[in-house]
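Notebook open, structure viewer running. Here is what I looked up, entry by entry.

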Amino acid sequence: MSTSMYRVLFPEDEPTIREVLTEYMLISGYEVTEAEWNCPALKTVQFQETILEI
């Protein structure tokens, strides 16, 4: 069971960016799920909030 207060789905096509930012979010206490931006599963996920570009 996770003690994280926030869960983040992080879609990013560039592996290096995805890995670095995912590590930063994990260190900051977020529970992170990574995906490529064009992943078909993203179309079925319901978001509370969405950030399209960082």
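**Entry 1: the fold.** I counted the pieces: the protein has one helix and two strands. Going along the sequence, I read the order as β-α-β. Strand 1 covers 7-11, helix 1 covers residues 15-27, and strand 2 covers residues 31-35.

**Entry 2: how far to trust it.** I have to remember that this is a predicted model. The mean pLDDT of the protein is 77, and 69% of the residues reach at least 70. Where is confidence lowest, and where is it highest? I found the low end in strand 1, with a mean of 81, and the high end in helix 1, with 91.

**Entry 3: inside and outside.** The protein has 54 residues, and 17% of them count as buried. Its exposed area is about 4900 Å², with 54% of that coming from carbon and sulfur atoms. I also checked contacts between residues at least 6 apart in sequence: 53% of them join residues at least 24 apart.

**Entry 4: Arg 18.** I picked Arg 18, which sits in helix 1. Is Arg 18 buried or exposed? Its relative accessibility is 12%, so I wrote it down as buried, the cut-off being under 20%. Leaving out residues up to four places away in sequence, Arg 18 touches Phe 10, Glu 12, Asp 13, Glu 34, Ala 35 and Glu 36.

**Entry 5: the salt bridge.** How many salt bridges does the structure hold? I got one. The partners are the side chains of Arg 18 and Glu 34, at 3.3 Å from N to O. Glu 34 belongs to strand 2 and Arg 18 to helix 1, so the pair ties together parts that are 16 residues apart in sequence. The two ends are covered to unlike degrees: Glu 34 counts as partly exposed at 39% relative accessibility, whereas Arg 18 is buried at 12%.

**Entry 6: the aromatic pair.** I looked for paired rings next, and the count is one aromatic pair. Tyr 6 and Tyr 30 make it up, with 5.8 Å from centre to centre and 35° between the planes. Why do I call the pair tilted? Because planes under 30 degrees apart would count as stacked and over 60 as edge-to-face, with the rest tilted. The pair links distant parts of the chain, 24 residues apart: Tyr 6 is in the segment before strand 1, and Tyr 30 is in the loop between helix 1 and strand 2. Tyr 6 is partly exposed at 48% relative accessible area, and Tyr 30 is partly exposed too, at 34%.

**Entry 7: a patch on the surface.** Those two tyrosines turned up again. Together with Met 5, Tyr 6 and Tyr 30 form a nonpolar surface patch of about 370 Å² accessible area. Met 5 is in the segment before strand 1. With 67% relative accessibility, Met 5 counts as exposed, since that label starts at over 50%.

**Entry 8: another methionine.** Met 25 lies in helix 1. Its relative accessible area is 15%, so I noted Met 25 as buried. What does Met 25 touch, apart from residues up to four places away in sequence? I listed Val 8, Phe 10, Tyr 30 and Val 32. I also checked Met 25 against Arg 7: they are 18 residues apart in sequence, with 9.9 Å between their C-alpha atoms.

**Entry 9: cross-check.** Comparing my lists, Phe 10 is touched by Arg 18 and also by Met 25. Tyr 30 is a contact of Met 25 and a partner of Tyr 6 in the aromatic pair.

Key. Residues numbered from 1 in each chain as written. Predicted model: local features only at pLDDT ≥ 70, side-chain atom pairs only at ≥ 80, totals over all residues. Heavy atoms only, no water. Patch = residues over 30% accessible without salt bridge, like charges linked within 9 Å, V, L, I, M, F, W, Y side chains within 5 Å. Areas by Shrake-Rupley, 256 points an atom, 1.4 Å probe, with all protein chains shown as cover. Salt bridge = Lys/Arg side-chain N within 4 Å of Asp/Glu carboxyl O. Helix = DSSP H or I, 4+ residues; strand = E, 2+ residues; numbered from the N terminus. Buried < 20%, exposed > 50% of the residue type's maximum accessible area, 1.4 Å probe, protein only. pLDDT = per-residue confidence, 0-100. Contact = heavy atoms within 4.5 Å. Phe/Tyr/Trp six-rings, centres within 6.5 Å; stacked < 30°, edge-to-face > 60°.
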